Amino acid sequence: MGSYRQTGSKGYLFGIVLVAVIGGLLFGYDTAVISGAEKGLQAFFRSATDFTYTDGMHGFTTSSALIGCVIGALVSGLLSSRLGRKKSLFIAGVLFVLSALGSYCPEFLFFNRGEASFKLMVAFNLYRILGGIGVGMASALCPMYIAEVSPASRRGALVSWNQFAIIFGQLVVYFVNYLIIRSHVNDPAVQEWVNAVGWRVMFVSECVPAALFATLILFVPETPRYLVLSGNDEKALKVLSRINGESEGRKILADIKETAVEKKEKLFSYGWMVIFVGIMLSVFQQVIGINAVLYFAPRIFESMGLGDPMMYTVFMGIINISFTVLAIVTVERLGRKPLLVSGSALMALGAFGVAFSNLFDVPAIIPVISILLYSASFMFSWGPICWVYMSELFPNTIRSQATAIAVAFQWIFNFIVSSTFVPLYNHSHFLAYAIYGTVCVAAALFVWILVPETKGKTLEDMTKLWR
């Protein structure tokens with residue numbers, strides 16, 4: 001007991017961070033489930049007799065969850081300020097469950113099962129938007145929660161685990177989708193089954209991790225920073241002491257109180273540059289085009305003439321996981337900026353490799369290696385490090401508002417990139433990847449010139465940095 005009072009409990013910290021990162025896993029699971037389901041979904045709605053399901057409608061249907069993500073990110077600031085980080089995460093968990101059930105059976109109560117119609121398509125999209133609100137909330141709140149409970153020396157690595165969970169969630173759902181299709185592979189009518197039932201099973205599979213998250217989040221503490229902002233210093237000290245040890249906990253509590261004199265400061269109390277840097281980090285994370293690759297991976301591998309594109313998608317997921325671990329291991333040693341700049345440069349190389357492969361007659365292995373380089377480079381740089389910055393860049397008193405705005409911009413540009421990818425890709429494979437490669441170069445320059453290094457700084461140091 002004496003040792004715990006002196007040094008804190010690593011097991012306790014690991015346990016509560018582990019619960020928070022399940023929110024990241026759901027973020028990855030929900031956004032990537034569409035990659036396996038989109039073709040079956042397209043065939044199902046094309047069978048409707050009361051309207052013609054166009055490619056434009058399909059582009060909207062595959063991306064509609066992202067509208068919810070923008071809403072979820074925007075309301076996360078208000079909810080986390082009013083209700084706290086913990087209760088807001090519980091609400092996100094409930095939304096994930098409702099969306100998974102509704103996407104599985106959008107006909108519930110109002111329509112005949114299996115009969116596609118325009119109204120059913122609207123209902124389906126509303127359920128996907130509901131899940132998107134959960135994703136948007138989780139994307140802002142999970143890194144914030146982890147950052148606010150973590151010691152400064154471990155914060156970068158622990159927040160990076162959230163990105164690991166996002167990519168792991170994507171890998172899990174790629175694998176689940178693959179197994180769902182494989183379960184009927186010997187059935188001569190396998191495609192008919194996928195078009196009628198398979199896509200539904202893919203969506204409802206999310207209920208398991210969603211229900212687990214909503215249950216476990218009830219057992220974690222509220223963050224010390226929020227407790228201080230709400231006037232609960234005693235509870236805050238209890239959590240800080242359990243994580244850091246009693247004497248260190250008292251020091252951190254004093255630092256938090258020093259920077260949390262007011263419940264909330266105006267958004268631009270620290271000038272416009274901190275908000276601009278946060279927003280642009282979010283925008284670049286999306287405009288470099290990674291989600292176009294992740295959401296449409298099976299389609300891209302198929303266009304390269306590769307057999308069994310779902311298998312290659314799973315393989316890409318495994319590579320992505322490995323390179324996210326690289327970020328977790330190196331973020332506290334190398335810092336945030338070097339990883340972002342080097343990742344941007346390698347992503348540019350991969351994107352231009354894919355682009356020029358479409359101009360010249362090269363072996364199929366060249367674009368495959370290029371797209372894997374592009375994806376892997378994102379995973380040790382912009383994937384995790386952008387979320388680390390989102391969680392630690394802003395001063396305590398404006399963190400909820402500023403994070404909500406920056407993450408909302410991320411989802412707006414995610415929607416723009418993922419909904420324009422198919423028409424752009426169909427128009428010109430070369431142009432699509434040449435644009436992404438050029439943006440990667442611009443991203444490297446932006447980070448090099450304008451983004452501060454936050455390695456080793458406490459969240460309270462951010463107040464002094466931007467003052």
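# A tour by selection, starting in helix α12

Select arginine 250 first: with a relative accessible area of 47%, this residue is partly exposed, a class that lies between buried (under 20% relative accessible area) and exposed (over 50%), as computed with a 1.4 Å probe on protein chains only. What you have open is a predicted model, in which local features need pLDDT of at least 70 and side-chain atom pairs count only at pLDDT 80 or more, while totals for chains, interfaces and linings use all residues. Residues are numbered from 1 along each chain as its sequence is written, and side-chain values use heavy atoms, with hydrogens and water left out.

Add glutamate 246 to the selection, and a salt bridge to arginine 250 appears, at 3.6 Å from N to O; the term requires a side-chain nitrogen of Lys or Arg within 4 Å of a carboxyl oxygen of Asp or Glu. Both residues belong to helix α12 (residues 246–259), where their spacing of four residues puts them about one helical turn apart. Helices here are DSSP runs (H or I, at least four residues), as strands are (E, at least two), and the numbering starts from the N terminus. Glutamate 246, at 24% relative accessibility, also counts as partly exposed. Elsewhere, Glu332, Arg336 and Glu392 can be selected together, as salt bridges with shared partners join them into one network.

**Helices α2 and α6**

Next, show helix α2 (residues 10–46) with helix α6 (residues 118–149), which pack at an angle of about 155 degrees with their axes 9 Å apart. The axes are lines fitted to C-alpha atoms, for helices over the stretch in contact, and the angles run from 0 to 180 degrees between N-to-C directions. The two helices are therefore roughly antiparallel to each other, given that angles over 145 degrees count as such, those under 35 as roughly parallel, 65 to 115 as roughly perpendicular and the rest as oblique. Viewed as a crossing, α2 passes α6 in the left-handed sense, meaning that the near helix is turned anticlockwise from the far one by less than a right angle, whereas clockwise would be right-handed. Coloured by class, the contact of α2 with α6 shows 20 nonpolar, five polar and two charged residues.

Which residue forms a salt bridge with arginine 128? The partner is aspartate 30, with the closest N and O atoms 3.5 Å apart. This pair links distant parts of the chain, since arginine 128 sits in α6 and aspartate 30 in α2, 98 residues apart. Both arginine 128 and aspartate 30 are buried.

Staying with α6, select glutamate 148 and then arginine 85, whose side chains meet in a salt bridge at 2.8 Å, N to O. Here helix α5 (residues 85–104) contributes arginine 85 and α6 contributes glutamate 148, the two being 63 residues apart. Arginine 85 counts as buried at 1% relative accessibility, and glutamate 148 likewise at 0%. A search of the whole structure finds seven salt bridges.

**From α5 into the loop**

Move along α5 to leucine 101, which is partly exposed, with a relative accessible area of 43%. Then step into the loop between α5 and α6 and select leucine 109, a residue other than glycine whose phi is nonetheless positive, near 75 degrees. At 69% relative accessibility, leucine 109 counts as exposed.

**Aromatic rings**

Now display the aromatic side chains, among which the structure holds 21 pairs. In helix α21 (residues 429–450), tyrosine 433 and tyrosine 436 are three residues apart, about one turn of the helix. Their ring centres are 6.0 Å apart and their planes stand at 85 degrees, so the pair is edge-to-face; rings of Phe, Tyr and Trp (its six-membered ring) pair if their centres lie within 6.5 Å, with planes under 30 degrees apart called stacked, over 60 edge-to-face and the rest tilted. Tyrosine 433 and tyrosine 436 are both buried. For a cluster linked by ring pairs, select Phe44, Phe45, Phe51, Tyr53, Phe118, Phe124, Trp199 and Phe203.

**Last stop: α13 and α20**

Finish with helix α13 (residues 273–287) and helix α20 (residues 399–427), which pack at an angle of about 25 degrees with their axes 8 Å apart. That angle makes α13 roughly parallel to α20, and their crossing is right-handed.

Methods
Ala, Val, Leu, Ile, Met, Phe, Trp, Tyr, Cys and Pro count as nonpolar, Asp, Glu, Lys and Arg as charged, and the others, Gly among them, as polar.
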